[in-house]
Amino acid sequence: MTKTKEKFMDEETTRRRRILVIGTGAAGVLAGLGASVPFISSMAPSAKARAAGAPVEVELTGLEPGMMITVEWRGKPVWVLHRTPSMLASLPEIISKVQDPSSQVPMQPKYAMNEHRSIKAKYLVLVGICTHLGCSPSQKLEIGGAAGMGDDWKGGFFCPCHGSKFDLAGRVYKGVPAPVNLEVPPHMYLSEDSLLIGEEKKA
Ligand code: FES
């Protein structure tokens, strides 16, 4: 490898923090949707890169359907959920129950202003901070009574601080304190299964 190429790769490693999702080992923990979801920290980010709010690269090959991880970006928790077909099918069923079903309030980049609030329908990318007063909502991903949210629950997130509820696209329910949907951070795909949080494609 030439010196120039080595230098470039070192700089890239510093600029982006890279996270691998380990499928087989993590699946048992992560697939238990009622269990707490681990907060995955980056692989040795430099203090300088961290301070600058470096983008975070996440390899998604191990993130199986139904699994969710939490990564840190700019000091915030960012959720990455691999939605199953049944999770996606639940979204149009609750349009009448959410405040902003078509994402008119700009809580997402334009490329995520669609019915699933994401670039790829199967992957949801959200900042995991409640839009009421900033608590961290809990994952209530199961559909139906198993989540403890009632038999008609379609899966989503529940903020225990004041009772706000969000669906599996981060859309806020009507009649709760949170005023708007959860935020979708800037992101883009570097390849089929490689996600970059904190940067987006230039127009
Ligand atoms: S901070 Fe989430 S409901 Fe108040």
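His116 is a buried residue, with a relative accessible area of 15%; buried here means under 20% relative accessible area, exposed means over 50%, and partly exposed lies in between, computed with a 1.4 Å probe on protein chains only. I should say at once that this is a predicted model, in which local features need pLDDT of at least 70, side-chain atom pairs count only at pLDDT 80 or more, and totals for chains, interfaces and linings use all residues. Residues are numbered from 1 along each chain as its sequence is written, and side-chain values use heavy atoms, with hydrogens and water left out.

His116 is found in the loop between α4 and β6. Helices (H or I, at least four residues) and strands (E, at least two) are DSSP runs, numbered from the N terminus. Which side chains make polar contacts with the side chain of His116? One is Asn114, at 3.1 Å, and another is Ser118, at 3.0 Å. A polar contact is a pair of N or O atoms within 3.5 Å; within protein, one must be able to donate a hydrogen and the other to accept it, and residues adjacent in sequence count only if both atoms are side-chain atoms. Leaving aside residues up to four places away in sequence, His116 also touches Arg83, Leu88, Leu91, Ala121, Leu124 and Ala169, where contact means heavy atoms within 4.5 Å.

The loop that holds His116 also takes part in salt bridges, to which I now turn. A salt bridge is a side-chain nitrogen of Lys or Arg within 4 Å of a carboxyl oxygen of Asp or Glu, and by this rule the count comes to four. In one of them, Glu192 pairs with Lys120, the closest N and O atoms being 3.6 Å apart. Glu192 lies in the loop between β10 (187-191) and β11 (194-197), and Lys120 in the loop between α4 and β6, so this pair ties together parts that are 72 residues apart in sequence. The two partners differ in their surroundings: Glu192 is exposed, at 53% relative accessible area, whereas Lys120 counts as buried, at 19%.

Another salt bridge joins the side chains of Asp152 and Lys97, again with 3.6 Å from N to O. This pair, too, links distant parts of the chain: Asp152 sits in the loop between β7 and β8, Lys97 in the loop between α4 (85-90) and β6 (123-127), and the two are 55 residues apart. Lys97 is partly exposed, with a relative accessible area of 34%.

Are the partners in the salt bridge of Arg171 and Asp167 buried or exposed? Arg171 counts as buried, at 2% relative accessibility, and Asp167 is buried as well, at 0%. Their side chains meet at 2.7 Å, N to O.

Asp167 brings us to a sheet, since strand β9 covers residues 164-167. The sheet is open, has three strands in the order β7-β8-β9, and pairs in the antiparallel sense; two strands pair if DSSP finds at least two bridges between them. The edge strands are β7 and β9, each pairing on one side only. From one strand to the next, the twist averages 25°, with axes taken as lines fitted to C-alpha atoms, for helices over the stretch in contact, and angles running from 0 to 180 degrees between N-to-C directions.

Within this sheet, β7 (residues 138-140) and β8 (residues 156-159) pair over three bridges, and the bridge partner of Lys140 in β8 is Gly156. On the other side, β8 and β9 pair over four bridges, with Cys159 opposite Ser164. The hairpin of β8 and β9 has four residues between the strands, and Gly163 there takes a positive phi near 85°.

My last residue is Val78, in strand β5 (residues 76-82). At 0% relative accessibility, Val78 counts as buried. Apart from residues up to four places away in sequence, the contacts of Val78 include Ile69, Trp73, Val125, Val127, Pro185 and Ile197. The C-alpha atoms of Val78 and Ile197 are separated by 8.6 Å, although these residues are 119 residues apart along the chain.

Finally, the chain as a whole. It has four helices and eleven strands, and buried residues make up 46% of its 203 residues. Of the contacts with a separation of 6 or more, 61% are between residues 24 or more positions apart.
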